[in-house]
Amino acid sequence: GYWVQPGVSSWTLPTLKMENAWLAFSATGFVLNVAGDISVKGTEPRTHKIAMTNATIICGGNLSIDKGKIEMQGNQLGVPSIVVAGSVTMANAGVFDLRGYPELSVEGAMSMAGASILDLRLGPESAPAPGFEGVVDVGGGFTLAGNSIVYPYSHPTNGGTVLFRVGALQIASGSQFNASGKGYWGGKLKN
């Protein structure tokens, strides 16, 4: 469902387990603070997801996405941010869809398997905070397996780009970082 409650800008709970559900928060800048684990499991990532704008997700445990999606939009008014104290596991076409000026911080490891997708579509240069227009920071190992893909889109006209900092990177056969056709257009357009 779509969470609409005037004046409420945050929600704190011990754990969050979603199965075959869609949860969206209407308040820009909403903070979802989960002390323990977050699990998003579904049968279709387009409809089984968490959706937020210029929001923050704080996960005190592990975060798992299994054939579900976490979708966070951002613009120059804010930064979509996900902070995970534990590890992130993505499986069975699980999707992270982060747009604008995303920050993904994982203290533990991050693993993607079963054709999972990390889709990062960046805003123009001059992000709200100085530095890169997007940051993915994984303290432990970052593993891509089972035809999983990271799509790091730069902004097409202003060259905004994402910075990856990982403890170790392992990419299995069939998996990839794919920025082909997803970068700065450059040059002049001809009529």
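## Cys59 and a nonpolar patch

Leaving aside neighbours within four places in sequence, Cys59 is in contact (heavy atoms within 4.5 Å) with Val34, Gly36, Asp37, Ile38, Val83, Val84 and Ala85. This is a predicted model, where local features need pLDDT of at least 70 and side-chain atom pairs count only at pLDDT 80 or more, while totals for chains, interfaces and linings use all residues. Residues are numbered from 1 along each chain as its sequence is written, and side-chain values use heavy atoms, with hydrogens and water left out.

One of those partners, Gly36, is 23 residues from Cys59 in sequence, yet their C-alpha atoms are 6.4 Å apart in space.

Here are two residues side by side. Strands are DSSP runs of E, at least two residues, numbered from the N terminus. Buried means under 20% relative accessible area, exposed over 50%, and partly exposed in between (1.4 Å probe, protein chains only).

| Residue | Strand | Relative accessible area |
|---|---|---|
| Cys59 | β8 (residues 56–59) | 2%, buried |
| Leu169 | β19 (residues 162–171) | 47%, partly exposed |

Leu169 also joins Val166, Ile171 and Phe177 in a nonpolar surface patch of about 300 Å². Patches are made of residues with over 30% relative accessible area and no salt bridge, with like charges joined within 9 Å and nonpolar side chains (Val, Leu, Ile, Met, Phe, Trp, Tyr) within 5 Å. A salt bridge here is a side-chain nitrogen of Lys or Arg within 4 Å of a carboxyl oxygen of Asp or Glu. Strand β19 gives the most to this patch, with three residues.

As for the whole protein chain, there are 20 strands and zero helices, and 41% of its 191 residues count as buried.

Definitions and conventions: Areas by Shrake-Rupley, 256 points an atom, 1.4 Å probe, with all protein chains shown as cover. Helix = DSSP H or I, 4+ residues; strand = E, 2+ residues; numbered from the N terminus.
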